[in-house]
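Let's take a walk through this structure together. Keep the sequence and the 3D view open as you read.

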Amino acid sequence: MQSSHPLRVYKFGGASVKDAAAIKNLQHILGQNPDGQPLLVVVSAMGKTTNALEHIFHLAHSGEDYSAPLAELRRFHLEVAQALLPDAQLNPDGVPACGEGSGALHHLLQELGDRLATLTKGEYDRQYDQVVSFGELLATCVVAAAVGAQWLDVRPLIRTDHSWREGRVDWATTERNLREQVLPMLQRGVVLTQGFLGGTASGQTTTLGREGSDYTAAILAYCLGAESVTIWKDVAGLLNADPKIFPDTVRYPEISYQETIEMAYYGASVIHPKTIKPLAVRRIPLYVKSFVDPAAEGTKIHDCKHGLLAPALIRKTDQCLISFESKDLTFISEENLEVIFGTLAQVRLKINLMQNSAISFSVCTDWHEYRLRKLLEQLREQFTIYYNTGLELYTIKNYTPEAISQLTQGRELLLEQRTRQTFQFVARASADK
Ligand SMILES: Nc1ncnc2c1ncn2[C@@H]1O[C@H](COP(=O)(O)OP(=O)(O)O)[C@@H](O)[C@H]1O
Ligand SMILES: N[C@@H](CC(=O)OP(=O)(O)O)C(=O)O
């Protein structure tokens, strides 16, 4: 039987499932959903589990001892499961009965241990995905059991290519899979699945890029024709700046897709940059709401026109400024730029800002020691290359003179750039700001 009610997609990130109390709060929020309205819930790994798994994976891949952090990760998940499911029977290995079949908690923990024990040398990124994905698998197993939702393994449904750690979605296959598998489940009640994960045609797990669960919510909403997506955060909505960094932030009650895409692109970490496009294409509104105060208004991101917005302040840390000079003091030409861009793409260094002068071309990128080393190896013969690390990139969108002076005061700017709407600069990281 088809429900006449349109689908809502909810996404809960790490902070909203960080412990048993947070998951009870999530259950309370689900309880507010109107009866009969189909609901698809996307959940990320609990708290900082993805960071912990990255660390464990790195140790295991390097042949170092990872037993203590793995034991801690297991203890944490068992403690949360026991607090939420006090009546669950314990398996002989002390794991509460939670979930079924290959999605059962004891099975997932066993599989994680087996995978870590059988890593091989090389293929770092492919094996990373097979291990780090357990954060979402474990979290959804526990949360689905606690709230009585149907657990869905998203990996066979969101089809990606083999771009490990940044899987690229095959939209046609994904849409077909999701419609076939998920629509019937939604008729039976709330469905709960993993953010951040996908899978290849050969059944290997991929991840969609760090913080990619927002993107998962958008993929599901796009493919299933949802009415809306709500991402539940520890902030009051989309603010003009990260309140952990900047004082006196203001909330945008509504904002366009375009403005939001730009903020995410420049580094506003509240929303994954890939999230907006699928929603904008199908005109699905995105609500950013506080899980601490679910009744509060939050922010509506949609197709809208608005007046002048408060300047958005964005900081990207861990930046590296790389400057290329031609060795014979000839001008930086299109041919030179083609080589530089090609190599940056090949070593996967993404350009956050660029500037050129007669004999020099500079780019600001995220700091990746290994990728930079590869870049230097390939271009050192052709160019003289200088680089600075430990930098920050600031962006002020819809800037005002006051906003510029507030941010630049007392800083040594290594590079600055201004367009009609955006002011950006690179400066050394300072402990006091
Ligand atoms: N413009 C912004 N508006 C609101 N929050 C922001 C903004 N920029 C950065 N943030 C940060 O984003 C955090 C929420 O996103 P995130 O930590 O990714 O949540 P989760 O992992 O739970 O989904 C906030 O706690 C806040 O520090
Ligand atoms: N757990 C993954 C994916 C994610 O999106 O998490 P969060 O929703 O907590 O940002 C990460 O930490 O990267």
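A good place to start is Phe 196, which is buried, as 30 other C-beta atoms lie within 10 Å. The word has a cut-off: a residue is buried if 20 or more other C-beta atoms lie within 10 Å of its own, exposed if 12 or fewer, and partly exposed in between, with C-beta atoms placed from the backbone. You'll find Phe 196 in the loop between β4 (191–194) and β5 (197–199). Helices (H or I, at least four residues) and strands (E, at least two) are DSSP runs, numbered from the N terminus. The phi angle of Phe 196 is near 80°, a positive value in a residue other than glycine.

Before going on, a word on what you're looking at: this is a predicted model, where local features need pLDDT of at least 70, side-chain atom pairs count only at pLDDT 80 or more, and totals for chains, interfaces and linings use all residues. Residues are numbered from 1 along each chain as its sequence is written, while chains are lettered from A and ligands numbered from 1 in the order in which they are written.

Phe 196 also belongs to the surroundings of ligand 2, along with residues including Gly 13, Gly 14, Ser 44, Thr 50, Arg 210 and Glu 211. Being near here means that a residue's C-beta atom, placed from the backbone, lies within 6 Å of the molecule. What kinds of residue make up the shell around ligand 2? Two are nonpolar, eight polar and two charged. For these classes, Ala, Val, Leu, Ile, Met, Phe, Trp, Tyr, Cys and Pro count as nonpolar, Asp, Glu, Lys and Arg as charged, and the others, Gly among them, as polar.

Now look at ligand 1, which has 17 residues around it; Gly 13, Ala 15, Leu 239, Asp 242 and Val 270 come nearest. Its shell has eight nonpolar, four polar and five charged residues. Gly 13 turns up around ligand 2 as well.

Let's step back to the whole chain. The domain assignment gives domain 1 (8–233) and domain 2 (312–428), with bounds that come from an automatic or database domain assignment. Their C-alpha centres lie 36 Å apart. An unreviewed UniProt entry carries the annotation "domain: Aspartate/glutamate/uridylate kinase" over residues 8–290; UniProt positions are given in the numbering used here, feature names are shortened, and annotations may be inferred rather than shown by experiment. Over residues 8–290 the chain is 44% helix and 13% strand, and the end C-alpha atoms sit 17 Å apart.

What about the inside? In soluble globular proteins, nonpolar side chains tend to be buried together. Here the largest nonpolar core has 114 residues, and among those with the most contacts inside it are Val 9, Cys 141, Val 142 and Leu 279. Such a core is a set of buried Ala, Val, Leu, Ile, Met, Phe, Trp, Tyr and Cys residues joined through C-beta atoms within 7 Å. Helix α6 (residues 134–147) gives the most to this core, with 11 residues. Domain 1 (8–233) and domain 2 (312–428) both give residues to the core, so it lies between them.

Val 9 touches Leu 40, Val 42, Ala 217, Leu 220, Ala 221, Ala 226 and Val 229, leaving out residues up to four places away in sequence. Contact means that the two C-beta atoms, placed from the backbone, lie within 7 Å. Next to it in the sequence is Arg 8, in strand β1 (residues 8–12). Arg 8 counts as partly exposed, with 19 C-beta neighbours inside 10 Å. Beyond four places in sequence, the contacts of Arg 8 include Asn 33, Gln 37, Leu 39 and Ala 226. Arg 8 and Asp 328 are 320 residues apart in sequence and 60 Å apart in space, C-alpha to C-alpha.

Finally, some spots further out. Pro 247, in the loop between β7 (228–233) and β8 (254–256), is exposed, with 6 other C-beta atoms within 10 Å. Ser 67, found in helix α3 (residues 67–84), counts as exposed too, with 12 C-beta neighbours inside 10 Å. Asn 398 lies in the loop between β14 (383–397) and α13 (401–408) and is partly exposed, with 17 other C-beta atoms within 10 Å. Phi of Asn 398 is near 60°, a positive value in a residue other than glycine.
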